[in-house]
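Subject: Structure for you to look at

Hello,

Here is the structure I promised to pass on. Please open it and keep it beside you while you read my notes.

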Amino acid sequence: MDKVKAKKHLGQHFLKDENIAKNIADTLTLQGYNKVLEIGPGMGVLTKYLLEKPVETYVIEIDEESVEYLQAHYLKLHGKILSEDFLRYDLSKTFGNEQVAIAGNFPYNISTQIVFKVLELRDQIPEFAGMFQKEVAERICEKKGSKTYGILSVLTQAFYEAEYLFTVPENVFIPPPKVKSGVLRLKRKENYKLECDEKLLFRVVKLAFNQRRKTLRNSLKTLNLDDNLKEDSIFGLRPEQLSTEDFIALTQKIAAYGV
Ligand code: SAH
């Protein structure tokens, strides 16, 4: 097989700049794991550089044509190509409960879903590095006070240190996407077990940002909070004024009053 034809519905934009592929592979710190899973390898431009690293590289790819291409061109991947949808795949089938880092020039049409799945699997994923559309990569790493600070920023940064590393222009892809791309790295925090009810934290953060221009007193109404609790000055703030730590403290307060 010669080349994979890009399919729009799978978010396929193949990277053609080898240097950038190498730079993305180099963002992995290789600390705390022996295995890496690349999501959406396509024709393997990034895979090639991952295979040079002192870790075992696996790939997961939804597109059968790409899988055939990889099987034909990368003998080193033998037995390590998962022909699956990352969003539906149970990682424990391949990795048990081992630690595994995630890398990729990801399919942008499912960026947010990828991040949420990683957050769910945080016990198994010590590091996550790769490329998203710039706006999403920035949002994940954003700190409080900014317009783009939101659900993704707070929840990701509750468990991971998030660093925006560099921007990649449209013209290094075939076909070029409509937007710029951004490379980021997430490193799981030492103490990523939060001192609050994590399910409640997710609920509070989502409710708060779903009505981001309202104060928490209004946006959290459906939680039927105790009137005394709502006297706390934190309820006069809007969600973008709260850091991840503030949201954790808020969740503790809400839990203390019982929801
Ligand atoms: N990493 C390659 C391809 C990037 S395009 C490169 O840089 O050139 C995104 C890739 O993700 C495509 O190969 C696409 O088929 C794959 N993909 C899309 N949705 C996927 C999913 N749900 N699970 C696994 N791979 C997926």
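A word on terms before we start: helices and strands here are runs assigned by DSSP and numbered from the N terminus, with at least four residues for a helix and at least two for a strand. Keep in mind that this is a predicted model.

Use that numbering to find Pro 175. Pro 175 sits in the loop that links strand 8 (173-174) to strand 9 (181-188). Look at the peptide bond between Ile 174 and Pro 175. That bond is cis, with omega at about -15°.

Another loop is worth a stop. Leu 30 lies between helix 1 (18-26) and strand 2. Its phi is near 65°, which is a positive value in a residue other than glycine.

Now the sheet. It is open and has 7 strands, in the order 4-3-2-5-6-9-7. The pairing is mixed. Which strands stand at the edges? They are strand 4 (81-82) and strand 7 (160-168). Each has a single partner strand, so one side of each has no neighbour in the sheet. As background, strands of a sheet pair through backbone hydrogen bonds, either parallel or antiparallel. For a parallel case, take strand 2 (residues 35-39) and strand 3 (residues 56-60), which are joined by 5 bridges. Within this pair, Glu 38 stands opposite Val 59 of strand 3.

Next, the ligand. The space it takes is the largest pocket. There are 21 residues around the ligand, and those that come nearest are Gln 12, Gly 40, Glu 61, Asp 85 and Asn 105. What kinds of residue make up the shell? It divides into 10 nonpolar, 6 polar and 5 charged.

Three polar contacts are easy to check on screen:

- Glu 61: a polar side-chain atom lies 2.5 Å from an oxygen atom of the ligand.
- Gln 12: an N or O atom of the side chain is 2.8 Å from a ligand oxygen.
- Leu 15: here a polar backbone atom is 2.9 Å from an oxygen of the ligand.

How much of the ligand does the protein cover? On its own, the ligand has 570 Å² of accessible area, and the protein covers 98% of it.

Best wishes

Key: Residues numbered from 1 in each chain as written. Predicted model: local features only at pLDDT ≥ 70, side-chain atom pairs only at ≥ 80, totals over all residues. Heavy atoms only, no water. Near = heavy atom within 4 Å. Polar contact = N/O pair within 3.5 Å; in protein donor to acceptor, adjacent residues only side chain to side chain. Areas by Shrake-Rupley, 256 points an atom, 1.4 Å probe, with all protein chains shown as cover. 1 Å grid on protein atoms, 1.4 Å probe; cavity = no way out; pocket = protein on both sides within 12 Å on 5 of 7 lines; lining within 4 Å. Sits in = over half its atoms within 2 Å of the grid points. Nonpolar A, V, L, I, M, F, W, Y, C, P; charged D, E, K, R; others polar. Pairing = 2+ DSSP bridges.
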